[in-house]
Amino acid sequence: MSEWAPKRFWKTAEAQATEQGFGIVLDGRPVRTPAKALLTVPSHAIAAKIAEEFAAQEDSIDPRTMPFTRTANAAVDKVAIQHADVADMLADYGDSDLLCYRADGPDELVERQSAAWNPLLDWAEQALNAKLETRVGVMHAPQDPAAVSELRRRVHELSNFELAAFHDLVAISGSLIIGFAAQSGVRTIEELWASSRVDEIWQQEQWGEDDEAKDVADYKKAAFLHANEFLRLLNEQIPV
């Protein structure tokens, strides 16, 4: 049996200003989230992207081709009702950040980690007022509570829509600092993706490329780049 997929029922998809922000209408009817809430976003640029995703659907709807819609739905249906829990979960990465756990060898890997990660930790100390210490090995060692507290405060200040995208930046990279660096634009998103993959790239060079691992990495990279684009467009206004 073939999998059932919902059918396209609309002819037009448009972004539209509302009293609360910007919505999306299909043949004049407002789009709702899976939880039946009105899908309202704070940026016309985001609403326009969602409208484009709906307009691009053919006979059957494929949610995999609608990343902006998925992220906006998550912000409304999930993050909005448990913002503190999501923020706390992401803030916890600050106490076990990828950038802080270093290999003890070989020398080339140690050097690569230092070259990619030390500048980001230096930036975090200056820009985020959070000095995180490195350690050798994978055993957890707590960070300075003051630094972790400052990072937690910054995460909690993010809006529902920011937090929905920030979640993917942090969870995919394994680094709260990389998430903040992406939000701040201190490095290109391609550079930050490469920074999050130092260990994997090293292993690939030693043992060769695995097709399945490459597929997983490509999927994660697409989600990582999308999350960054979503954050960028939250603050970009397209003339209405």
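**Stop 1: helix α1 and its packing**

Select the buried residues of α1 and show their surroundings. They pack against three strands, β1 (13–17), β2 (22–26) and β4 (40–41). They also pack against two helices, α2 (67–77) and α10 (211–234). This is a predicted model, so treat every value here as computed from it.

Which residues of α1 are buried? Pick His44, Ala45, Ile46, Ala47, Ala48, Ile50, Ala51, Glu53 and Phe54. Glu53 and His44 are on that list along with Ile50 and Phe54.

Now check the helix length. α1 runs over residues 44–56, which makes 13 residues. At 1.5 Å a residue, the expected span is 18 Å. The end C-alpha atoms are 18 Å apart, so the model agrees with the expectation.

Move to the N-terminal end of α1. Ser43 caps it. Draw a distance from the side-chain oxygen of Ser43 to the backbone nitrogen of Ala45: 3.1 Å.

**Stop 2: Ile50 and the nonpolar core**

Stay on α1 and centre on Ile50. Which residues does Ile50 touch, once its neighbours within four places in sequence are left aside? Select Ile24, Leu39, Val41, Phe68, Thr69 and Ala72.

Zoom out to the largest nonpolar core. It has 65 residues. Ile50 is among those with the most contacts inside this core, together with Phe54, Val155, Leu163, Phe166 and Ile177. Helix α6 (residues 160–173) gives the most to this core, with seven residues. Nonpolar side chains tend to be buried together in soluble globular proteins.

**Stop 3: the β1–β2 hairpin**

Select β1 and β2. The two strands pair in the antiparallel sense, over five bridges. Find Gln16: it stands opposite Gly23 in β2. Then go to the turn. Four residues lie between the strands of this hairpin, and Gly21 takes a positive phi near 155°.

**Stop 4: unusual backbone**

Most residues other than glycine have a negative phi, and most peptide bonds are trans. The next three selections depart from that pattern.

Select Asp27 in the loop between β2 and β3 (29–30). Asp27 is not a glycine, yet its phi is positive, at about 55°. Buried or exposed, or in between? Asp27 counts as partly exposed, because its relative accessibility is 39%.

Jump to Asn129, in the loop between α4 and β6 (135–136). Here too is a positive phi in a residue other than glycine, near 55°. Asn129 has 56% relative accessibility, so it counts as exposed.

Last, select Gly105 and Pro106. A cis peptide bond joins them, with omega about -5°. Pro106 sits in the loop between β5 (101–102) and α4 (107–127).

**Stop 5: salt bridges**

Side chains of opposite charge can pair when their charged atoms come close. How many salt bridges does a search of the whole structure find? The search gives 13.

Take Lys214 and Asp218. Both lie in helix α10, four residues apart, about one turn of the helix. Their side chains meet in a salt bridge at 2.8 Å, N to O. Lys214 has a relative accessible area of 35%, so it is partly exposed. Asp218 is partly exposed as well, at 40% relative accessibility.

Select Glu150, Arg153, Arg154 and Glu157 for a linked set. Salt bridges that share partners join these residues into one network.

Go to Arg64 and Asp62. Their salt bridge is 3.0 Å, N to O. Why does Arg64 count as exposed? Its relative accessible area is 71%, and the cut-off for exposed is over 50%. Asp62, at 23% relative accessibility, counts as partly exposed; buried would require under 20%.

Finish this stop with Glu133 and Lys131. Their side chains meet in a salt bridge at 3.9 Å, N to O. Glu133 is partly exposed, with a relative accessible area of 40%. Lys131 is partly exposed too, with 41%.

**Stop 6: Val86**

Select Val86 in helix α3 (residues 83–91). Buried or exposed? At 13% relative accessibility, Val86 counts as buried. Add Val76 and draw the C-alpha to C-alpha distance from Val86: 13 Å. In sequence, Val76 and Val86 are 10 residues apart.

Methods:
Residues numbered from 1 in each chain as written. Predicted model: local features only at pLDDT ≥ 70, side-chain atom pairs only at ≥ 80, totals over all residues. Heavy atoms only, no water. Expected span 1.5 Å × (residues − 1). Buried < 20%, exposed > 50% of the residue type's maximum accessible area, 1.4 Å probe, protein only. Contact = heavy atoms within 4.5 Å. Polar contact = N/O pair within 3.5 Å; in protein donor to acceptor, adjacent residues only side chain to side chain. Pairing = 2+ DSSP bridges. Salt bridge = Lys/Arg side-chain N within 4 Å of Asp/Glu carboxyl O. Core = buried A, V, L, I, M, F, W, Y, C linked by side-chain atoms within 4.5 Å.
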